[in-house]
Amino acid sequence: QVQLVESGGGLVQAGGSLRLSCTASGRTLSSYAMGWFRQAPGKERDFVAGISRSGTSKTYADSVKGRFTISRDGAKNTVYLQMNSLKSEDTAVYYCAAHFGPTDYYSTYARSREYDLWGQGTQVTVSS
């Protein structure tokens, strides 16, 4: 059974950094476009960042551009989200997701309905 597992969340002060990781059991992530989403209490799940199957194309929500970086390491079967200059409004549960549908090496996806498999989420709390 394929599972995505996020890690790296925690409590950090505003201005600090965290790196989230997403690994998979039972499947090689290098075949799929991947994404990170987040959901704050009482709010909808929002797109944060997406990366293409090849890793060459990346897209970001405007709210995180210049602060967050998505990357992937095929050898480690892991996708990362480096988060710098964190703000209190970044506080949320962060989810990693995989797009299993047909894709080329360069497309990224920003809508949750385009993703087929989700992790359980990891909490990020930024204190001001």
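In this predicted model, methionine 34 stands opposite isoleucine 51 of strand S5. That pairing belongs to a longer run of contacts, since S4 and S5 are joined by six bridges and run antiparallel. The two strands make a hairpin with five residues between them, and there glycine 42 takes a positive phi near 75°. Isoleucine 51 has a second partner on S6, namely lysine 58. S5 and S6, the latter covering residues 58-60, are again antiparallel, this time over three bridges. Their hairpin has six residues between the strands, and glycine 55 in it has a positive phi near 85°. What does all this leave of S5 on the outside? Five of the seven residues of S5 are buried, so the strand is largely enclosed by the rest of the structure.

Now for the open sheet. Four strands make it up, lined up in the order S1-S3-S8-S7 with antiparallel pairing. Which strands stand at the edges? Strand S1 (3-7) and S7 do, and each has a single partner strand, so one side of each is left without a neighbour in the sheet. Going from one strand to the next, the twist averages 15°. As general background, the strands of a sheet pair through backbone hydrogen bonds, and they can do so in a parallel or an antiparallel way.

Looking at the pairs one by one, S1 and S3 run antiparallel and are joined by five bridges. Here glutamate 6 is found opposite cysteine 22 of S3. On to the next pair: S3 and S8 are antiparallel too, with six bridges between them. Two of the residues facing each other across this pair are arginine 19 and its bridge partner in S8, glutamine 82. Serine 21 also has a bridge partner in S8, and that is tyrosine 80.

Serine 21 is worth a stop of its own. It sits in strand S3. Is serine 21 buried or exposed? Its relative accessible area is 15%, and because the cut-off for buried is under 20%, serine 21 counts as buried. Setting aside residues up to four places away in sequence, serine 21 touches Val5, Glu6 and Ser7, then Trp36, and also Thr78, Val79 and Tyr80.

The largest nonpolar core holds 34 residues, and those with the most contacts inside it are Leu4, Met34, Trp36, Leu81, Met83 and Tyr94. Two or more residues come from each of strands S3 (18-25), S4 (33-39), S5 (45-51), S7 (68-73), S8 (78-83), S9 (92-99) and S11 (122-127). S9 gives the largest share, with five residues. In soluble globular proteins, nonpolar side chains tend to be buried together.

Leucine 81 gives a close-up of that core. It lies in strand S8 and is buried, with a relative accessible area of 0%. Which residues does leucine 81 touch, once those up to four places away in sequence are left out? The list is Leu18, Arg19, Leu20, Trp36, Val48, Ala49, Phe68, Thr69, Ile70 and Tyr94. Take leucine 18 from that list: 63 residues separate it from leucine 81 in sequence, yet the two C-alpha atoms are 8.2 Å apart in space.

The rings come next. Searching the whole structure turns up six aromatic pairs. Phe37, Phe47, Tyr115 and Trp118 are linked by ring pairs into a cluster. Where does arginine 45 come in? Arginine 45 lies over the face of tryptophan 118, at 4.7 Å from the ring centre. Arginine 45 also lies over the face of tyrosine 95, at 3.8 Å from the ring centre.

Last come two loop residues with unusual backbone angles. Most residues other than glycine have a negative phi. Asparagine 77, in the loop between S7 and S8, has a positive phi near 50°. Serine 85, in the loop between S8 and S9, likewise has a positive phi near 50°. How much of each is open to the outside? Asparagine 77 counts as buried at 17% relative accessibility, whereas serine 85 is partly exposed, with a relative accessible area of 41%.

Conventions: Residues are numbered from 1 along each chain as its sequence is written. This is a predicted model: local features need pLDDT of at least 70, side-chain atom pairs count only at pLDDT 80 or more; totals for chains, interfaces and linings use all residues. Side-chain values use heavy atoms; hydrogens and water are left out. A nonpolar core is a set of buried Ala, Val, Leu, Ile, Met, Phe, Trp, Tyr and Cys residues joined through side-chain atoms within 4.5 Å. Buried means under 20% relative accessible area, exposed over 50%, partly exposed in between (1.4 Å probe, protein chains only). Two strands pair if DSSP finds at least two bridges between them. Axes are lines fitted to C-alpha atoms, for helices over the stretch in contact, and angles run from 0 to 180 degrees between N-to-C directions. Rings of Phe, Tyr and Trp (its six-membered ring) pair if their centres lie within 6.5 Å; planes under 30 degrees apart count as stacked, over 60 as edge-to-face and the rest as tilted. A charge sits over a ring if NZ of Lys or CZ of Arg is within 6 Å of the ring centre and within 35 degrees of the ring normal. Contact means heavy atoms within 4.5 Å.
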